[in-house]
Every structure is written in C-alpha cells, then in structure tokens.
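The following questions concern the sequence and structure shown here. Each answer closes on the value or name requested.

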Amino acid sequence: MTRYHQPITVCVKKLLTDTIWPEFLAIVREEVGSRVVETWFKAILFYRWDAPQKTVYLRAPNTFVKEWVTSHYQKLFETHLGRLLNEQTITVLFINTATTEEIIPARALPPETTKQSPSAAPAVRPATAARPVLRQRSSINTLYQFNNFIVGPHNSLAYAAAYAITENPGKLYNPFFIYGDSGLGKTHLLQAIGNQIKERDKNFRILYQGADRFVNEFINAIRFDKVYQFEARYKDVDMLLIDDIQFLSNKEQTQEAFFHIFNTLHQAQKQIVFTSDSLPGDIAGLAHRMRSRLESGLVADISIPTLETKIAIIKKKAEEHAEPMGDDIADYIASTIHSNVRELEGALIRVFAFASLTKQPLTLELAQKVLLRTHEVKSTGADLHKIGATVAKFFDYSLQELKSPRRDKDVTLARHVTIYFMKQMTSHSLREIGKFLDRKDHSTILHAIEKVNDRREKDMAFSQLLIRLERQIAH
Ligand code: ADP
Ligand code: MG
C-alpha cells in the first residue's frame with residue numbers, strides 16, 4: 001500500500017493541495033503573469049509531499065507540459081514551493097502521467113514506459129523528459145545562451161556589454177546593471193553571461209541568485225545565527241549575478257549585508273551583474289549608498305522588441321523546437337502579441353502544443369484558431385477590401401488615395417491604420433497586404449504596424465479611435 005492510502009497522509013495531502021498549491025499559484029501568477037499560470041501551472045496537480053525526503057511529487061498531463069515547465073520554471077518551483085514548505089532546498093519530481101497510484105520518480109522511467117494516450121503525445125523532445133525536474137540548488141539554466149538570444153535595437157547595448165564582460169570579467173563594466181520590464185530577456189542575458197564564462201573556464205566560480213532568494217537566505221542566516229557563513233559564501237566567488245535586485249527594496253538590513261558583499265567583490269575586481277525592473281534611482285526604499293554603487297558602472301536597458309525582432313525571435317524559437325515555421329505564421333504571431341517576449345513564447349508554444357496534440361499541420365489558420373481561442377485575437381469577418389474602404393471613409397479619403405504613392409501626413413496615417421487592421425483582423429500575409437495596397441516593399445507594411453502599435457500604447461485618444469474604427473469594420 002502506498003502512503004497515499006493512509007488517512008493521515010491524505011489529510012496532509014489535502015491540506016497541501018488546498019493551501020500550499022493555491023498559494024504557490026498565486027505567487028507564480030504575480031511573478032510570471034496569469035496567462036502562464038492558466039496555460040501551464042493549472043494543468044499540473046500537486047500529488048504528494050514526502051517530508052522526510054523533502055520531495056514534492058507533481059503530475060503533469062503530458063510530457064510536453066512537464067518538459068516546458070521544467071525547463072522554464074524550475075527556479076520558481078524550487079524557490080517558492082520550498083519556502084512555502086519551510087525547506088531551504090527541495091526536490092521536485094513529476095510522476096508518470098499514465099499511472100494513477102504508483103509514484104515513480106521521473107528519473108526511474110525508461111522512455112517507453114512514459115505511456116500516454118495517442119492524442120497526448122506531442123513528442124517535442126520525447127525521451128529526455130525522463131529526468132528529475134529539480135536539482136537541489138538554484139543554478140544557471142543552460143538553455144539561456146548568447147547564441148539563442150536574438151539581438152535587435154531594443155537590447156543591443158545590453159547584449160554587447162554582456163558579451164564584452166564575458167571576455168574580460170571584472171575589468172570593463174563593473175558593476176553592470178541591466179534594467180527593463182518583465183519578460184524582455186534580462187534573466188536570459190544574465191544567465192548567458194554565466195553560461196558563456198563557465199564554458200570557457202570550468203573553474204570560474206559563479207554565483208547566480210535571485211534577490212528575493214537572497215533576502216530569504218539572509219533572514220534565515222539571522223535566524224540561525226549564520227550571517228558570517230552567509231556573507232562568506234557570497235564573497236568567495238569570481239562573479240556574482242543578482243537577478244531582480246529591486247527585491248531589495250525596503251529591506252534595510254539585507255541591503256547592509258549586500259553592501260559589504262558588494263564592496264568586497266568590487267575591490268577584488270570580481271564582476272558583479274544586476275538585473276532590475278527599473279533604474280537604480282527608481283527603486284523605492286534603496287539606501288543612497290546602495291543606489292550609487294548600482295549606478296557606478298554601466299547601466300543598460302532592454303525595451304520592447306520591434307516587430308522584425310519579434311519575428312526573428314519566433315523563428316529562432318521554432319527552430320529550437322525543430323518545428324518548421326512559415327513566414328506568414330511568424331508574422332501573424334509577432335503582430336498579434338504586443339507585450340513581451342515571454343508572452344510571445346507562450347503563444348508560440350500554445351500553437352505548437354495544439355498542432356501536436358490534435359495532429360494537425362502547423363498552418364496560419366491553425367495559429368489563428370489557437371490564439372483566437374485564448375482571446376488574443378478577435379474574430380472578425382472582415383476582408384481587405386472592407387477594411388480599406390471603411391478606414392478610407394473614416395479619414396475622408398478614397399481607397400484609391402490610400403493605394404496611391406501620396407505621402408502627406410494624413411493620408412499616411414490613414415494608410416498605416418488600414419494596414420494595421422488588415423494585419424489584425426485578417427489572416428493575410430504582409431506581402432498580400434502590401435500587394436493589395438500597391439506597396440512593393442514589405443518592410444513598409446511592417447513599419448506601419450509598428451507605428452500604429454507604438455502610438456496605440458501611448459496615445460489614449462488614438463487608441464479609442466482604433467476601437468471605434470474596429471467596431472465599424474466588424475459591423
Ligand atoms: P525577464 O528576466 O526580463 O523577465 P526573461 O529573460 O525571463 O525575461 O525572458 C523571458 C523569455 O523570453 C525567456 O524564455 C527568454 O529566453 C525569452 N527571450 C527574451 N528575450 C529574448 C531574445 N532577445 N531572444 C530570444 N529569447 C528571448
Ligand atoms: Mg527575470
């Protein structure tokens with residue numbers, strides 16, 4: 001009989017599923033957004049907590065989900081489930097999807113036993129899924145490399161500096177501070193630095209840590225009277241990578257401890273790299289001397305990628321999944337998802353997952369269906385002609401004028417808006433839209449969409465105008 005059947009364990013299990021797991025989901029939601037939670041984490045069941053072994057057993061609906069959460073959210077499980085369970089380090093294992101009662105650590109499964117119903121076999125990277133999900137320590141994710149980081153105008157400075165640092169750690173830009181909104185590639189770049197150096201020199205001692213975790217460790221160090229050991233661990237490295245330093249906000253005592261660590265490393269010319277969601281000066285509750293330390297080296301930002309970069313990122317990710325991706329689909333996803341790269345990736349993966357689960361070829365129609373289903377795109381019956389005619393009329397032009405070479409400001413705006421809606425509301429490719437509007441260069445089309453998206457995000461009146469227009473078109 002497995003533990004699972006013993007009443008007391010059932011109680012504990014219920015307690016955990018009812019409290020710890022929802023709490024964990026709430027934290028994850030805060031960190032990576034509710035879409036990720038809905039897409040990935042909601043599909044996972046909290047199966048069992050083995051306290052003596054400090055092991056959490058989870059169940060994923062299929063290998064695909066298991067693989068994805070393992071490779072992308074390892075740290076989240078480790079940090080937050082660990083904290084909620086009051087353990088410094090935990091192991092997380094996924095149990096076999098097909099079995100119901102038996103608990104089999106993923107590692108022990110020969111690939112063939114990963115039985116799944118035929119419809120649940122996306123097999124993106126099949127057999128390798130059979131490994132434990134979490135290591136004991138937080139470490140650098142080897143998936144985050146320079147060679148799979150796409151460079152565009154939005155991140156080129158940060159990228160160039162990060163790369164330069166790997167060739168000369170501690171000497172060039174120290175500290176190096178990367179800031180930008182969530183999901184734009186800060187952690188990727190930070191860990192790429194670590195991975196690159198590690199590849200060249202296995203003995204280089206790199207410590208990567210999230211600042212939230214740093215705070216927790218510090219609190220525990222105080223509780224157990226181990227502050228000296230705590231500081232020593234951070235001082236005894238060749239390079240320190242601190243992710244999301246904004247979590248030090250208002251943590252006075254932790255800042256103080258960090259300040260000493262910083263000074264020790266800096267004086268010894270050891271490289272320190274930070275990421276943050278804002279500039280040092282904009283992090284609330286940061287001691288003046290901390291702020292000036294953070295600002296003292298190079299500060300570089302990562303902003304929202306341009307449409308072209310988004311397309312490049314999608315293509316790269318598709319390649320990584322060994323999924324051929326047509327230009328039209330890449331265009332479509334890139335112009336549909338506006339906010340950040342993490343969401344872009346999420347959309348892409350949903351499309352892959354759907355194609356794979358339903359055994360359909362990856363087509364533009366399929367991509368639209370999937371993203372429509374997740375309410376990222378609105379369903380419309382609009383065609384190019386209807387859109388062109390409606391927008392032209394709205395701006396008091398004829399469709400012919402929109403198609404003409406005229407480039408004065410107003411007609412250009414009307415044309416841009418037309419292109420935007422054509423992309424937004426139909427499944428036509430950029431090339432087809434260009435052709436319809438007698439535009440030879442397909443970069444003009446990209447540019448137009450980018451322009452409208454930019455303004456839509458900044459200009460409330462314009463955004464409202466677009467909503468009104470969209471209603472007219474869809475009418
Ligand atoms: P942040 O730390 O800024 O919140 P991440 O580094 O976690 O963002 O990036 C979110 C996801 O987007 C990651 O999976 C990352 O690999 C991907 N990503 C972000 N920027 C790029 C890029 N320029 N090229 C390739 N992938 C990227
Ligand atoms: Mg990050």
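Q: How many of the residues of strand 6 are buried?
A: In this predicted model, local features need pLDDT of at least 70, side-chain atom pairs count only at pLDDT 80 or more, and totals for chains, interfaces and linings use all residues. Residues are numbered from 1 along each chain as its sequence is written, chains are lettered from A and ligands numbered from 1 in the order in which they are written, and side-chain values use heavy atoms, with hydrogens and water left out. Strands are DSSP runs of E with at least two residues, helices runs of H or I with at least four, both numbered from the N terminus. With buried taken as under 20% relative accessible area (1.4 Å probe, protein chains only), strand 6 is mostly covered, and the count is five of its five residues.

Q: Which residues of strand 6 are buried on each of its faces?
A: In a regular strand, side chains alternate between the two faces of the sheet. Both faces of strand 6 are covered. One side holds Met-239, Leu-241 and Asp-243, and the other holds Leu-240 and Ile-242.

Q: In what order do the five strands of the open sheet lie?
A: Two strands pair if DSSP finds at least two bridges between them. The pairing in this sheet is parallel, and its edge strands, each pairing on one side only, are strand 5 (206-210) and strand 8 (298-301). The order is 5-6-7-4-8.

Q: Which residue is the bridge partner of Gln-209 in strand 6?
A: Strand 5 and strand 6 pair in the parallel sense over five bridges. Within strand 6, the partner of Gln-209 is Ile-242.

Q: Which residue in strand 7 stands opposite Leu-241?
A: Strand 6 runs parallel to strand 7, and four bridges join them. Opposite Leu-241 in strand 7 stands Val-273.

Q: Which residue in strand 7 stands opposite Phe-177?
A: Strand 4 (residues 176-179) and strand 7 (residues 271-276) pair in the parallel sense over four bridges. The residue opposite Phe-177 is Phe-274.

Q: At what angle does helix 5 run to strand 6?
A: Helix 5 (residues 186-200) lies across strand 4, strand 5, strand 6 (239-243) and strand 7. Axes are lines fitted to C-alpha atoms, for helices over the stretch in contact (heavy atoms within 4.5 Å), and angles run from 0 to 180 degrees between N-to-C directions. The angle between helix 5 and strand 6 is about 160 degrees.

Note on methods. Buried means under 20% relative accessible area, exposed over 50%, partly exposed in between (1.4 Å probe, protein chains only).
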